[in-house]
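Q: Could you take me on a close look at the metal site in this model, and then at the aromatic pairs and the histidine that go with the tour?

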Amino acid sequence: MTVLQIMTDSGGETLLRTADPARIGTELAAFHVDFQRRPAEHPLPAAADQDAVLALYRDQVDRLCAQRGFRLVDVARMQPRTDDPEWTAQAATARQRFLSEHRHSEDEVRFFVEGRGCFYLHLENRVYAVVCEAGDLLSVPSGTKHWYDMGEVPHFCAIRFFEEDDGWVGDFTGDPVAERIPSLDELMSQAAV
Ligand SMILES: [Fe+2]
């Protein structure tokens, strides 16, 4: 279930929690964050690599690139292998890499086609946690302070769109705000709306 939870950035106090896609879109649009629901109906075979995922979504990917001028596309996919200690260690490292607040020189655009991940957008003195699931297309404007939590057992597949080769490089702010805000797993364990 896609969820938006708006919290104070000082202590993570919840101001709004909604699973209504229209409301999520409206709340985010106020900050020029584009949120859309799109069809994501292709089940991904376990062995599907980047090329296979892109082939399944070729029409949508090509359309978005043409509409918005993206030059590069790749796929970030994590599939749980919790019985594999090596995978568990790799997952923890991958998760940690995106858990600190940062920003980019270009928009961060993700289309989720499997699983779940949470973008935390630091907008003025609030944090907008957007729990994205398959079918969610999120565009975070350049310069927006944010971080990403893939969860303790990462399971997601997101198609990533870029304008430049190095557009994804993060400029870390050093603000420890993420430590004050509930993690993805904590958010999902809180009472549903
Ligand atoms: Fe980022």
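A: Happy to; here is the metal site, followed by one histidine and the aromatic rings. This is a predicted model, in which local features need pLDDT of at least 70 and side-chain atom pairs count only at pLDDT 80 or more, while totals for chains, interfaces and linings use all residues. Residues are numbered from 1 along each chain as its sequence is written, and side-chain values use heavy atoms, with hydrogens and water left out.

Let's start at the iron ion. Its protein donors are His-102 (NE2), His-104 (NE2), Glu-108 (OE) and His-146 (NE2), lying 2.1 to 2.2 Å from the ion. Donors here are N, O and S atoms within 2.8 Å of the metal (3.2 Å for Na, K and Ca); water is not among the atoms, so sites may look incomplete. Along the sequence, the donor residues follow the spacing H-x1-H-x3-E-x37-H. The angles among the four donor atoms run from 76 to 164°, and the site is irregular. For comparison, four donors count as tetrahedral if all angles lie between 85 and 135 degrees, and as square planar if opposite donors are over 155 degrees apart and all others between 65 and 115; six count as octahedral by that latter rule, and anything else is irregular.

Two of the donors can be placed by accessibility (buried means under 20% relative accessible area, exposed over 50%, partly exposed in between, with a 1.4 Å probe and protein chains only). His-102 is buried at 3%, and His-104 is buried at 12%.

Next comes His-122, which is buried as well, with a relative accessible area of 7%. Its side chain makes a polar contact with the side chain of Asp-9 at 2.8 Å. Such a contact is a pair of N or O atoms within 3.5 Å; within protein, one must be able to donate a hydrogen and the other to accept it, and residues adjacent in sequence count only if both atoms are side-chain atoms.

Now for the rings. Those of Phe, Tyr and Trp (its six-membered ring) pair if their centres lie within 6.5 Å, with planes under 30 degrees apart counted as stacked, over 60 as edge-to-face and the rest as tilted. By this rule there are nine aromatic pairs. In one of them, the centres of Phe-31 and Tyr-128 are 5.3 Å apart and the planes meet at 65°, so the pair is edge-to-face. Phe-31 is partly exposed at 22%, whereas Tyr-128 is buried at 3%. Phe-112 and Phe-119 also pair edge-to-face, at 6.5 Å and 85°. Phe-112 is buried at 1%, and Phe-119 is buried at 2%.
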